[in-house]
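Work through the exercises below with the sequence and the coordinates open. Each task is followed by a stepwise solution.

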Amino acid sequence: MQTTETPVMAAGIREALVQHREKTLEKMYAKAYPMVLHYVKQHHGSPHDAQDLLQDAMILFYEKVVHQQLTLTAAPTTYLMAVCKNRWRRELEKRHREQGLTPEVAEQLQEETDPVMEAPTVALTGFVERLGQKCHDILVSFYYLGQQMEQIAQQHQYRNVRSATVQKFKCLERLRKSLSGFSSHHFR
């Protein structure tokens, strides 16, 4: 995941969308489509479903950025992917209600949307704790508690938000390195 500075990133994308809308949207689509397609195929969808999802997400993204209603905390593709995942889960739930899915698909859908699965597991928390108290506090505050970087910078007495963001990035990179030999099924 690529973190970015919130106002600068949104402003830069807004400017690119206003000045070169078609070219900017094409680039974003080309970057995001393979990820969306992979996710949708893994979750019983078709390439057509992936195209529809991404097009809807792109429209939503465009409108929010142009009307300055979006504060980005990650790369645009990360935002688009999150929108697509949420919409695809809702679509699968709708299909399940309308026609019924196989028990295997219904079970997988339940696992995907189960709120317990979203809580950090004991194993993952152990890796975060090994990073040290400062990194633990920053990552938990940002990702689990959903605090803004301004609040985290103030709590940890950083000179500015940029310093706190850099520290969060360093902590995240250390966590990624410590987890590099594992896959998601190790934490279920």
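Buried means under 20% relative accessible area, exposed over 50%, and partly exposed in between (1.4 Å probe, protein chains only). This is a predicted model, in which local features need pLDDT of at least 70 and side-chain atom pairs count only at pLDDT 80 or more, while totals for chains, interfaces and linings use all residues. Residues are numbered from 1 along each chain as its sequence is written, and side-chain values use heavy atoms, with hydrogens and water left out.

**Exercise 1. Describe the overall make-up of the protein chain.**

Step 1. Assign the elements: helices (H or I, at least four residues) and strands (E, at least two) are DSSP runs, numbered from the N terminus. The protein chain has 10 helices and zero strands.

Step 2. Check burial and surface. Of the 188 residues, 34% count as buried. The chain exposes about 12100 Å², and 52% of this comes from carbon and sulfur atoms; the areas are from the Shrake-Rupley method with a 1.4 Å probe, and for residues only the protein chains shown count as cover.

Step 3. Look at the contacts (heavy atoms within 4.5 Å). Among those with a separation of 6 or more, 63% are between residues 24 or more positions apart.

**Exercise 2. State where the model has high and low confidence.**

Step 1. Take pLDDT, the predictor's confidence in each residue, from 0 to 100. Its mean over the protein chain is 77, and 75% of the residues reach 70 or more.

Step 2. Rank the elements. Helix 2 (residues 21-42) has the highest mean pLDDT, 90, and helix 6 (residues 115-118) the lowest, 41.

Step 3. Locate the weak stretches. The pLDDT is below 50 over residues 1-8, a stretch with 18 contacts beyond near neighbours in sequence. It is also below 50 over residues 113-122, where the model has seven such contacts. Where pLDDT is low, the predicted coordinates should not be read in detail.

**Exercise 3. Compare the spans of helix 2 and helix 3 with their expected values, and find what each helix buries.**

Step 1. Compute the expected span as 1.5 Å times one less than the number of residues. For the 22 residues of helix 2 this gives 32 Å, close to the 31 Å from first C-alpha to last. Helix 3 (residues 47-66) has 20 residues and should span 28 Å, which agrees with its end C-alpha atoms being 28 Å apart.

Step 2. Test for a bend, the angle between axes fitted to the seven residues ending at a position and the seven starting there. Helix 2 bends by about 35° at alanine 32, and proline 34 follows within four residues.

Step 3. List the buried positions. Helix 2 buries Thr24, Met28, Ala32 and Val36, among others. Helix 3 buries residues including Ala50, Leu54, Met58 and Phe61. An α-helix has 3.6 residues a turn, so residues three or four places apart point the same way.

Step 4. Connect the two helices. Leucine 37 lies in helix 2 and counts as buried because its relative accessibility is 17%. Leaving aside residues up to four places away in sequence, leucine 37 touches Pro47 and Ala50.

**Exercise 4. Which cysteines does the disulfide join, and are they buried or exposed?**

Step 1. Apply the cut-off: a disulfide is a pair of cysteine sulfur atoms within 2.5 Å. The count comes to one.

Step 2. Identify the pair. Cysteine 135 is joined to cysteine 171, with S to S at 2.0 Å. The angle about the S-S bond is -75°, and the link is left-handed. Cysteine 135 is in helix 8 (residues 133-144) and cysteine 171 in helix 10 (residues 161-179), 36 residues apart.

Step 3. Read the accessibility. Cysteine 135 is buried, at a relative accessible area of 3%, and cysteine 171 is buried at 0%.

**Exercise 5. Which loop holds histidine 44, which loop holds glutamine 157, and what phi does each take?**

Step 1. Place them. Histidine 44 is in the loop between helix 2 and helix 3, and glutamine 157 in the loop between helix 9 (149-155) and helix 10.

Step 2. Read phi. Histidine 44 has a positive phi of about 65° although it is not a glycine; for glutamine 157, also not a glycine, phi is positive at about 60°. Most residues other than glycine have a negative phi.

Step 3. Classify exposure. Histidine 44, at 37% relative accessibility, is partly exposed, whereas glutamine 157 is exposed because its value is 73%.
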